[in-house]
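Work through the exercises below with the sequence and the 3D structure at hand. Each task is followed by a solution in steps.

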Amino acid sequence: MNDPAPQDAAGPAAAADSSGRAAGSAAAAAAAAAAASPAFEASHDAVKVIETREDYLEAVAAIAAGHGPVAVDAERASGYRYSQRAYLIQVFRRGAGAFLFDPIPIGDFSELQDAIVDEEWLFHAASQDLPCLQEVGLVPTRIFDTELGARIAGFPRVGLGAVVEQLLGITLAKAHSAADWSTRPLPQSWLVYASLDVELLPDLRDALAEQLETAGKSRIAAEEFDAVLHRAPKPVRAEPWRKLSGMHALRGARALAIARSLWTARDEYARTADIAPGRTIPDAAIVAAAAAAPASRAELAGLKAFTGRASRSELDRWWAAVDEGRTTEDLPKLRGRGEATLPPPRAWADRNPAADRRYKAARAAVTARSEELDIPLENLLTPETLRLVSWAPPSTPSTELVGAALAEHDARPWQVEELASIIASAFVAAAQEPAATGDAES
């Protein structure tokens, strides 16, 4: 689990410093975390990782014999590895206990899937873990997400540590969320951290479900959980290299061609070596080389801004990419293709004044409703959905037609019920306003 709310971290950043680089060896990080951990972690029993089929099948039998929902979590090596595979899978069930599995030697999890497929699975930030669990054949049919539930309940902080402290009165040291979980062997303090990620979820789920029921938000939460479970993966970008940080500094199609070629070479190398691309050469190095357009391998090597761990060890690879970009006749267009997007809202006042007025009026109304419900604005309705409906509204802004438009853009039934009338009224009011008032929101 990568904690989605780093500001909630109670412990030291054991795995990374302020620039994102690894902060020392795994052993040193583990020792530092152990010294800083509160008594709750320090008193935890030693944790063993299950690595054999025999131990795995024994654990599955125990989990099947347990009772109640099943807490599940996965640890990846984001920022260290290219893949987003799980390097540790944690499972807890009342009456069975906690089990930590190494998915690499175990491989096939079909027995565990069969044992728990009909149960409710508990997660904290399920959207982070569902893809890598699906890779090993673990696919829930219903979930309860304590991070998303806390958002709907109106909690000001929704990291696991913050929600556990607020509802269970336990303070956790969230020190390893950014660790390299491909490390072997995994330090014991990391394993305790990983075990606690699932051991506390059943109690947290019960306490949070009570809060949601009291607030009249149980149905809302259920629909949101189901939406997370069935959300389609984002489509692959037509030109992913255009997401390079700092691309705005490049001028001309030739510079873009060099950047494209370097990005492709880096991606191929990172995938083959299973290294996070940014740990080979960073985006800034690619942009610097594209801007400089060095005419030789030596010029590339002499470019001070061309940095990174593999900037010199793989210099031949990078030079071949630069040379390809310098000589190709297949020059990219100056503007990207394939991603149909709306203009930024700040440009609407000039490009579509009526849409600008609709968007401002509707956003103000939705914001007010968000405050009344004590649900974050982005959870009440995604900004993209509101922009799409404001830019191209129904021909008649009735509650029914606005509701249908919201549903077309994946709004859940509860969101349609809460917002269709509000947005329709805002659109009607906006149509009656005089044109061009104020600056568009950026």
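## Exercise 1: A hairpin and its turn

Task: in the hairpin of S3 and S4, which residue takes a positive phi?

Solution. The model is a predicted one. Two residues lie between the strands of the S3 and S4 hairpin, and Gly-95 takes a positive phi near 85° there. Next, take the strands themselves. Strand S3 covers residues 88-94 and pairs with S4 in the antiparallel sense, over five bridges. Within this pairing, Val-91 has Phe-99 in S4 as its bridge partner.

## Exercise 2: The order of the sheet

Task: find the order of the strands in the sheet, then say which strands stand at the edges.

Solution. Begin with the overall count: the protein has 21 helices and six strands.

Step 1. The six strands form an open sheet with mixed pairing, in the order S1-S4-S3-S2-S5-S6. S1 and strand S6 (143-145) are the edge strands; each has a single partner strand, so one side of each has no neighbour in the sheet.

Step 2. Look at the S1 edge. Strand S1 (residues 49-50) pairs with strand S4 (residues 97-101) in the parallel sense, over two bridges. The bridge partner of Ile-50 in S4 is Phe-101.

Step 3. Look at the S6 edge. Strand S5 (residues 121-123) pairs with S6 in the parallel sense, over three bridges. Here Leu-122 stands opposite Phe-144 in S6.

## Exercise 3: The largest pocket

Task: what is the volume of the largest pocket, and which helix gives the largest share of its lining?

Solution. Step 1. The volume of the largest pocket is about 1900 Å³. The pocket is lined by 49 residues, and those closest to its centre are Arg-231, Ala-232, Pro-233, Lys-234 and Pro-235.

Step 2. Five helices each supply at least two lining residues: H6 (126-135), H7 (146-153), H11 (218-230), H18 (377-380) and H19 (383-391). The largest share is that of H11, with seven residues.

Step 3. Sorted by class, the lining has 22 nonpolar, 16 charged and eleven polar residues.

## Exercise 4: Two serines

Task: is Ser-311 buried or exposed, and which residues does Ser-195 touch?

Solution. Step 1. Ser-311 sits in the loop between helix H14 (297-301) and helix H15 (315-327). Its relative accessible area is 5%, so Ser-311 is buried, since the cut-off for buried is under 20%.

Step 2. List the surroundings of Ser-311. Leaving out residues up to four places away in sequence, Ser-311 touches Thr-280, Ile-281, Phe-306 and Trp-318. A polar atom of the Ser-311 side chain lies 2.8 Å from the backbone oxygen of Gly-308. The side chains of Ser-311 and Arg-312 are joined by a polar contact of 3.1 Å. Between Ser-311 and Arg-279 there are 10.0 Å from C-alpha to C-alpha, while the two are 32 residues apart in sequence.

Step 3. Turn to Ser-195, which lies in helix H9 (residues 188-199). With a relative accessibility of 2%, Ser-195 counts as buried. Leaving out residues up to four places away in sequence, Ser-195 touches His-44, Val-47, Ala-98 and Leu-100.

Step 4. Set the two serines against the whole protein: buried residues make up 47% of its 442 residues. Of the contacts between residues at least 6 apart in sequence, 69% join residues at least 24 apart.

## Exercise 5: Backbone details in loops

Task: which peptide bond is cis, with omega near -5°, and where are Ala-125 and Asp-274 found?

Solution. Step 1. The cis peptide bond runs from Arg-184 to Pro-185. Pro-185 is placed in the loop between helix H8 (160-168) and H9.

Step 2. Ala-125 is not a glycine, yet has a positive phi of about 70°. The residue lies in the loop between S5 and H6. Ala-125 counts as buried, at 4% relative accessibility.

Step 3. Asp-274 is not a glycine either, and has a positive phi of about 55°. The loop that holds Asp-274 is the one between helix H12 (253-273) and helix H13 (283-292).

Note on methods
Residues are numbered from 1 along each chain as its sequence is written. This is a predicted model: local features need pLDDT of at least 70, side-chain atom pairs count only at pLDDT 80 or more; totals for chains, interfaces and linings use all residues. Side-chain values use heavy atoms; hydrogens and water are left out. Two strands pair if DSSP finds at least two bridges between them. Helices (H or I, at least four residues) and strands (E, at least two) are DSSP runs, numbered from the N terminus. On a 1 Å grid over the protein atoms alone, a cavity is a set of points where a 1.4 Å probe fits but cannot get out, and a pocket is an open set with protein on both sides within 12 Å along at least five of seven lines; lining residues have an atom within 4 Å of a point. Grid points are joined across faces, edges and corners, and a volume is the space filled by probe spheres set on the points. Ala, Val, Leu, Ile, Met, Phe, Trp, Tyr, Cys and Pro count as nonpolar, Asp, Glu, Lys and Arg as charged, and the others, Gly among them, as polar. Buried means under 20% relative accessible area, exposed over 50%, partly exposed in between (1.4 Å probe, protein chains only). Contact means heavy atoms within 4.5 Å. A polar contact is a pair of N or O atoms within 3.5 Å; within protein, one must be able to donate a hydrogen and the other to accept it, and residues adjacent in sequence count only if both atoms are side-chain atoms.
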